[in-house]
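Please look over the model below, beginning with its nonpolar interior and then turning to its surface and to the confidence of the prediction.

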Amino acid sequence: IKGNLNGREGRKGKNWQKRRKKKRDSKEVKIGVKDNFIPLPLKESLKVYREWGIRGIELSLNTEEFRPDALSQSGRRELREKVHAFGLEICALGDNLGGDWYLSTLAMEKKIEEIIQVIKLGKDLFVSVIALTDDGRVGIGEENKTLLLKFFEEIGYLGDREGMILGLDI
């Protein structure tokens, strides 16, 4: 592109030749997978992930084994140590919202309480990313639009207050 575009020198800018891409050391690049990516018990899958060069896992909280209410403080420490023993880290927690959580204020309040427990688990596991998903279709009609916006605002506030990144995939 020739010429001046609104005060800019083409698409790349005036000094584009001076910029160099930083060469990445392979140790800087982290690849993470969901813990249930391969259908093996956790210990065996951690071994496979290490062999593949994977550096982190997203721990799925959709099994009873890893639910916040199922892991005591010592259980959380043991889980963290088990993952670290294989040279991996827990880079995220994944939780399925499930159900009709978006249809009433009461259901949303209950779901927010569950998310607070997930955030506490994340802090105990030294994780700062929580991925919230929903397998169903959330109907965004006028009747629940206000509720959904309130829900998004509330979980955003909770995540921000605790230094967490909450991703919502619905």
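In this predicted model, the largest nonpolar core comprises 37 residues, and those with the most contacts inside it are Ile57, Leu59, Leu79, Ile90, Leu93 and Leu125. Several helices and strands, listed in the table, each supply at least two residues of this core, and the largest share, six residues, comes from H3.

| Element | Residues |
|---|---|
| Helix H1 | 42–52 |
| Strand S4 | 56–60 |
| Helix H2 | 73–85 |
| Strand S5 | 89–96 |
| Helix H3 | 105–124 |
| Strand S6 | 129–133 |
| Helix H4 | 142–161 |

Ile90, one of the core residues with the most contacts, touches Ile57, Leu59, Leu79, Val83, Leu125 and Val127 when residues up to four places away in sequence are not counted.

On the surface, Leu149, Phe152 and Ile170 make a nonpolar patch of about 250 Å². Phe152 lies in helix H4, and because its relative accessible area is 31%, Phe152 counts as partly exposed, a class that falls between the buried limit of under 20% and the exposed limit of over 50%.

As for confidence, the protein chain has a mean pLDDT of 80, with 77% of its residues reaching 70 or more. Among its elements, H2 has the highest mean pLDDT, at 94, whereas strand S1 (residues 4–5) has the lowest, at 42. Over residues 1–13 pLDDT stays under 50, and for this stretch the model has eight contacts beyond four places in sequence. Where pLDDT is low, predicted coordinates should not be read in detail.

Note on methods: Residues are numbered from 1 along each chain as its sequence is written. This is a predicted model: local features need pLDDT of at least 70, side-chain atom pairs count only at pLDDT 80 or more; totals for chains, interfaces and linings use all residues. Side-chain values use heavy atoms; hydrogens and water are left out. A nonpolar core is a set of buried Ala, Val, Leu, Ile, Met, Phe, Trp, Tyr and Cys residues joined through side-chain atoms within 4.5 Å. Buried means under 20% relative accessible area, exposed over 50%, partly exposed in between (1.4 Å probe, protein chains only). Helices (H or I, at least four residues) and strands (E, at least two) are DSSP runs, numbered from the N terminus. Contact means heavy atoms within 4.5 Å. Patches are made of residues with over 30% relative accessible area and no salt bridge: like charges are joined within 9 Å, nonpolar side chains (Val, Leu, Ile, Met, Phe, Trp, Tyr) within 5 Å. Accessible areas come from the Shrake-Rupley method with a 1.4 Å probe; for residues, only the protein chains shown count as cover. A salt bridge is a side-chain nitrogen of Lys or Arg within 4 Å of a carboxyl oxygen of Asp or Glu. pLDDT is the predictor's confidence in each residue, from 0 to 100.
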